[in-house]
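Q: Please take a close look at the largest pocket in this model. What lines it, and what surrounds it in the wider picture?

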Amino acid sequence: MFSRSNQTTAGAGAARANITRALSDDSEASGPNYETMKTFDNFIGGKWVPPVSGEYFANQNPADARDTIGRFPMSGSADVDLAVESAKRGFEEWRHTPAPARGDVLRRVGDICRRARKTSPI
Amino acid sequence: MTREMGKPLAETRGDVQEGIDTAYYASSEGRRLFGHTVPSELRNKWAMSFRRPIGIAGIVTPFNFPLAIPTWKMFPALVCGNACVFKPAEDVPHTGHVLVEVLLEAGLPPEVIQLVHGVGEAAGAAIVNHPSIPVISFTGSTDTGRVVGEVCGRMHKRLSLEMGGKNAMIVLDDADLDLALEGVLWGAFGTTGQRCTATSRLIVQDGVHDEFVSRLVQRARAMKLGDGRKPGTDVGPLINQDSVAKVERYIDIGQKEGADLLCGGRRPDGSALDHGYFFEPTIFARVRAGMRLEQEEIFGPVLSVIRVRTPDEAFVVNNDVRYGLSSSVYTRDVNVAMRAMNELDTGITYINAPTIGAEAHLPFGGVKQTGNGHREGGWEVYEFFSETKVGYLDFSGALQRAQIDNYLGTPD
C-alpha cells in the first residue's frame, strides 16, 4: 500500500490515448516498469478524486510481478457514502432521460471501443 | 488488459468484443424495454405493465473478464435508468478505470457512474451493506456470494449472483475426437482455467478413454506458457500468488486422493517465467466421482478425467456436484444430444462445443449453488435491473369493481 504522492488528472486527450492503449492491449511486452507508475483515482461526484483514506494499492502484472501498472485507491465506506450521495443526484437526472437516449450513450460506447481497437497497432 | 490480467491477446480482444456486442445490444434495448398491454376484465378500462428503474445499482465484478463482465452488468443497469456504483476487482482496476473513461466520453452524465476502487472486504462490503443501494449484482466465489446473499437477504435487496462452477465436458464413444480434443484444450486451459465456465472435469466413455486421454496429454504438454502479450503464448499466468497457492493445494489433494497426475502439477522452469504466476497445464486421470478434486472449484489449469461406461452414467457424474453453470457433450447421436440438453443440471449446455463461449444476446447463468436464479446477458437481465409496474386506466366515468371485489356479481 502506498501513501498518495501525486494525482493524475487526465484531460480528454489523455483519456482517449489511455482508452486506445488499454483496449488495443497495451504496448509491446517489455521489461518491468517500462512506463512510469501512475496513480489512479476513484470517480465520485463527477470528478476523479483520491480515496478518503489517502491509501493506495499496487496493481501488478501477473506475468511479471516486478511490473507495477499503477497505484489505485484503497477505498472504504466513506468513499462509498460519497459515491452514493452523488449517485442519488445522477439517478434523478438519468431516470428522466428517455430510454432510447440512454441507449444512444451505449451505442457511442460501442463505437468508441471499436475505434480504439482499430487504431491499435495490433 | 493483458498486462494486468495476463490472458493472451486473442482472448483480450474477445473480452473487448463481448463488451462492444453488449453495448450495442443494450443500446437497442433502450428502444424496447417491453411491457405488456392486456385486456381489462371491465369495460372502458385499460391495463398495462411497464418497467421502471430501481435506483442505484451496486456492481461488484471479478478479475477474469475485466471488461466483459462489468459491461454485462452495468450496461443493462444503465439502459434501465439506474445509476451505478462500480467496484472492479482489485486485480484489474485499470480496465475498470478505462471503462468509466469510455462511458464519460460517450456522454454519460458524470454522476450516473461512480467508480470506487478497493478490495472486497472494504469497498465491496461497503457497497453491499449500503442502505441506499437497493440492487446488487455480484460475480465471484461461492463463499463470498454466500456472505453477499446473507447481507442482501437481511436488507431486502435485489441480488444477482454468479458464482462457482465445476463444469464438465462429456466425450462419448461416437464423438469426433479431433473436435473434442480442440474443445477440451480450449475449455480447460483457455484463460488459464480461470473462467467461470472453464472445463475442469472431462468425463470420457470407456471405448475412447485411453486414446483420447493420451492425445490430450501430448497436446497439453506442448502448450506454451508465457506473457500474454507475446505472440505464440497459449497460456498466460494465474492472477496472483493466492491463486497459485490454491492450485498447488489441489495438486496435493488430488495426489493424496489417489488420482494419477499425468502432466503438469507444478510451476514451470525457465527464467522468463520466474517472476510471474505461471502454472503448467495439469491433467489428472483415474479421478473418481466424489473426490474433492472432482467436486471443488479450483479456478486454474487443472483438468480431472473421469472414466464412465455409458452416457447415463456420464449424466449422473455431471450432475453430482453442487454447481451447475455449464456442460458440454461430444456425440454424433442426436437422441443422446437432446437427452443431454434435458438431463444435465446446468444453466448452459453445449453440444459439440466446449463449456465456454457464451454469446452476449443469450441469458447466462447457472443453477444450484452457481447462482440464485437470475441470469445475465440476453433479455432476462433487463428484468433484473428494472421493476415491473402495473397501471390501470379507467375511463368509464363510473366506479367499476374488479372481480376481486365483485365476486357476488360473477356467475359460477
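A: What follows covers the largest pocket, then the second largest pocket and the core. The model is predicted.

Start with volume. The largest pocket has about 1,200 Å³. Its lining counts 39 residues. Nearest the centre are B:Phe63, B:Phe138, B:Gly140, B:Ser141 and B:Thr144. Four elements of chain B each give at least two lining residues: helix H5 (120–129), strand S6 (135–139), helix H6 (142–154) and helix H9 (241–256). By class, the lining splits into 17 nonpolar, twelve polar and ten charged residues.

The second largest pocket has a volume of about 350 Å³. It is lined by 19 residues, with B:Glu18, B:Phe65, B:Arg195, B:Gly357 and B:Ala358 closest to its centre. In chain B, helix H2 (9–29) and helix H3 (68–79) each supply at least two of them. H2(B) gives the largest share, five residues. Here the classes are ten nonpolar, three polar and six charged.

Now the core. The largest nonpolar core holds 68 residues. Those with the most contacts inside it are A:Val109, B:Phe75, B:Leu103, B:Ile113, B:Ile136 and B:Phe385. Domain 1 (1–75) and domain 2 (76–122) of chain A both contribute residues, so the core lies between them.

One of these core residues deserves a closer look. Leaving aside residues up to four places away in sequence, B:Ile136 touches B:Gly58, B:Ile127, B:Val128, B:Val148, B:Cys152, B:Lys157, B:Arg158, B:Leu159, B:Ser160 and B:Phe384.

Definitions and conventions: Residues numbered from 1 in each chain as written. Chains lettered and ligands numbered in written order. Predicted model: local features only at pLDDT ≥ 70, side-chain atom pairs only at ≥ 80, totals over all residues. Heavy atoms only, no water. Core = buried A, V, L, I, M, F, W, Y, C linked by side-chain atoms within 4.5 Å. Buried < 20%, exposed > 50% of the residue type's maximum accessible area, 1.4 Å probe, protein only. Domains from an automatic or database assignment. Contact = heavy atoms within 4.5 Å. 1 Å grid on protein atoms, 1.4 Å probe; cavity = no way out; pocket = protein on both sides within 12 Å on 5 of 7 lines; lining within 4 Å. Points joined across faces, edges and corners; volume = space filled by probe spheres on them. Nonpolar A, V, L, I, M, F, W, Y, C, P; charged D, E, K, R; others polar.
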